[in-house]
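Student: I've got a new structure open and don't know where to begin. Can you walk me through it?
Tutor: Sure, have a look first.

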Amino acid sequence: MDFILQSDIANVLLILGIAVLILESVVLGFSTIVLLFLGLSLLLTGLGMKIGLLDATYVAALWSNTLVTSVLAFTLWKPLRRMQSKVEVQNIDSDFAKETFVITTDVDIRGESTHLYSGIKWKLKSHQPINAGTMVKVVKTDVGVMWVEAL
């Protein structure tokens with residue numbers, strides 16, 4: 001084992017780099033960007049040793065990884081954080097989002113009215129007040145809330 005670590009440090013760094021990148025992407029889902037920088041640094045250092053740009057020593061590997069990880073973190077931190085912070089909001093159009101029914105109580109924005117649908121008691125809300133006995137259509141759903149409008 002010691003022979004492998006000392007004779008072919010470039011391959012060891014390449015394998016470690018790939019392992020760290022797999023860990024970061026598959027297991028952690030790019031939630032810790034630091035491991036991405038470390039994995040890329042290990043790969044670049046291993047490649048540098050393979051093609052002869054760097055000496056194949058532990059000292060060169062340590063300093064190269066420190067420098068490359070720092071440079072990658074400094075240059076890529078803000079763009080990658082910006083990419084992670086973008087959240088797409090999608091309205092889910094469910095099967096009952098177009099359901100129509102007659103309401104039995106007045107409906108307004110406060111959500112004090114309810115409607116039993118599929119065994120669940122839903123709060124009813126509307127941006128405009130709707131009187132009891134009016135035919136309504138579900139236009140949007142939130143957790144436990146049906147937003148309705150008069151037909």
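**Walking through the chain**

Tutor: Start with the order of the elements. From the N terminus, they run α-α-α-α-β-β-β-β-β. Keep in mind that this is a predicted model.

Student: How many helices and strands does the chain have?
Tutor: It has 4 helices and 5 strands.

Student: And what share of the residues counts as buried?
Tutor: Of the 151 residues, 30% count as buried.

Student: What about the surface, how much of it belongs to carbon and sulfur atoms?
Tutor: The accessible surface is about 10,400 Å². Carbon and sulfur atoms account for 64% of that.

Student: Let's pick a helix. How far does α2 reach?
Tutor: Helix α2 covers residues 9-27, which is 19 residues. From first C-alpha to last, α2 spans 26 Å. That is close to the 27 Å expected at 1.5 Å a residue.

Student: Which residues of α2 are buried?
Tutor: Ile9, Ala10, Leu13, Leu14, Gly17, Val20, Leu21 and Glu24.

Student: Why do they line one face of the helix?
Tutor: Look down the axis of α2. The buried residues fall within an arc of 140°, so they line one face.

Student: What sits on the other side of α2?
Tutor: Ile15, Val26 and Val27 are exposed there.

Student: And what follows α2?
Tutor: Glycine 29 does, and its phi is positive, near 65°.

Student: New topic. Which residues form the largest nonpolar core?
Tutor: There are 10: Phe101, Ile103, Val107, Trp122, Leu124, Ile130, Val136, Val138, Met146 and Val148.

Student: Which strands each supply at least two of them?
Tutor: β3 (120-125), β4 (135-142) and β5 (145-150).

Student: Pick one core residue. What is phenylalanine 101 in contact with?
Tutor: Leave aside its neighbours within four places in sequence. Then phenylalanine 101 contacts His115, Leu124, Thr134, Met135, Val136, Val138, Met146 and Val148.

Student: Where is aspartate 108 found?
Tutor: In the loop between β1 (100-102) and β2 (113-117).

Student: What does its side chain make a polar contact with?
Tutor: The side chain of arginine 110, at 2.7 Å.

Student: What else does aspartate 108 touch, not counting residues up to four places away in sequence?
Tutor: Leu124, Lys125, Ser126 and Pro129. Leu124 is also one of the core residues.

Student: Last one. Of contacts between residues at least 6 apart in sequence, what share joins residues at least 24 apart?
Tutor: For this chain, 46%.

Technical notes: Residues are numbered from 1 along each chain as its sequence is written. This is a predicted model: local features need pLDDT of at least 70, side-chain atom pairs count only at pLDDT 80 or more; totals for chains, interfaces and linings use all residues. Side-chain values use heavy atoms; hydrogens and water are left out. Helices (H or I, at least four residues) and strands (E, at least two) are DSSP runs, numbered from the N terminus. The expected span of a helix is 1.5 Å times one less than its number of residues. Buried means under 20% relative accessible area, exposed over 50%, partly exposed in between (1.4 Å probe, protein chains only). The arc is that of the directions from the helix axis to the C-beta atoms. A nonpolar core is a set of buried Ala, Val, Leu, Ile, Met, Phe, Trp, Tyr and Cys residues joined through side-chain atoms within 4.5 Å. Contact means heavy atoms within 4.5 Å. Accessible areas come from the Shrake-Rupley method with a 1.4 Å probe; for residues, only the protein chains shown count as cover. A polar contact is a pair of N or O atoms within 3.5 Å; within protein, one must be able to donate a hydrogen and the other to accept it, and residues adjacent in sequence count only if both atoms are side-chain atoms.
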